[in-house]
Amino acid sequence: MRTTRIAGALAGIAIAALALTACNSGTPGAEPGTGGATGDAGDGSTSGNPWTVATDVTLDGSPTFEKMTGADKVVIGVKNDQPGLGYEDAATGTRSGFDIDIARWIAASLGFDEDKIEYQTIPSANREQAIVNGDIDYYVGTYSITDKRKEQIDFAGPYFITGQGLLVAKDNTDINGPDDLAGKIVCSVTGSTPLQRIRDEYNPGDTVEYDTYSQCVEQLKAGSVDAITTDEAILAGYVAQEPDALKIAGEPFSEERYGVGLPKGDTVLKDHINALFNDNPEIWTAIFDKNLAPAGIAGDQPKADE
């Protein structure tokens, strides 16, 4: 997938971030616009979804699917503070974003409607352990596929590709890329790939880490840090919320391949999800167009090959 320069299209992203609504789970292969059960949008609705919920699903040889069916629910690890990707409205509890819809689509392909989904908000540093411990069935939340992580878990995907960037105060003129970080304080979340890359490959004055990016944003606005680093798709959401206070500095300087985190060795479930992505480009496109295209992000669906 190609991603265009996100910062150049931020005029429309603020409207998109406010307009996002939650979606529901659905069936692989469904035509865009075919829904399933009824309900209120963001609270169990399937109306308007590009999928329906599958029935009579069998996944022989998948211990994770067997666990889901035994519990009569699917437990999904997600983020809750990334507008446009994985966001939870604090007042209503409504979840929205590209990752949330991808998670619901997978659940629907396994036969689980919205009322059978349990979300768990899990910080980046705790994702692998939550999967290894069996606390969640799978994780969808800006989860970069890396060899180190694959030592503990498996990934389906990639389902999205973006690049690492920098977020700074609107009036900052000193930072235009990672080579300008000498003597600067950079913030990111604990356990994130972008944080480790900044430490290993560049020369920041210091780094600080928190559980969530929203905490980094508050530190940036307070002047306690000079920049935030993570994927540009995430940073664009924060600029959308506060375009007069924040901006993206410079160009992306990495490639991040987002995957679905799965229990190690569950090849059957991995193959099911990869086939779901590869066989239904029209559903992926509908999810992308709803959540990310209005933000000025353009791209093609990547081939799922993990």
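1. The largest pocket of this predicted model has a lining of 18 residues, and Lys148, Arg149, Gly191, Ser192 and Gln196 are those that lie nearest its centre. The space within this largest pocket amounts to about 370 Å³.

2. As to the class of residue around the largest pocket, the lining holds eight charged and eight polar residues, together with two nonpolar ones. Helix α5, residues 193-201, supplies seven residues, the largest share of that lining.

3. Arginine 197 also belongs to helix α5. Its relative accessibility is 17%, and arginine 197 therefore counts as buried, the cut-off being under 20% relative accessible area. Leaving aside residues up to four places away in sequence, arginine 197 touches Gln164, Tyr202, Ser254 and Glu256.

4. A second residue that merits comment is serine 124. This residue is located in the loop that runs between β5 (117-121) and α4 (127-133). Serine 124 has a relative accessible area of 3% and is therefore buried, by the cut-off of under 20%.

5. Which residues does serine 124 touch, not counting those up to four places away in sequence? They are Lys79, Val189 and Thr190. With lysine 79 there is also a polar contact at 3.0 Å, made between the side chain of serine 124 and the side chain of lysine 79.

Methods:
Residues numbered from 1 in each chain as written. Predicted model: local features only at pLDDT ≥ 70, side-chain atom pairs only at ≥ 80, totals over all residues. Heavy atoms only, no water. Helix = DSSP H or I, 4+ residues; strand = E, 2+ residues; numbered from the N terminus. Buried < 20%, exposed > 50% of the residue type's maximum accessible area, 1.4 Å probe, protein only. Polar contact = N/O pair within 3.5 Å; in protein donor to acceptor, adjacent residues only side chain to side chain. Contact = heavy atoms within 4.5 Å. 1 Å grid on protein atoms, 1.4 Å probe; cavity = no way out; pocket = protein on both sides within 12 Å on 5 of 7 lines; lining within 4 Å. Points joined across faces, edges and corners; volume = space filled by probe spheres on them. Nonpolar A, V, L, I, M, F, W, Y, C, P; charged D, E, K, R; others polar.
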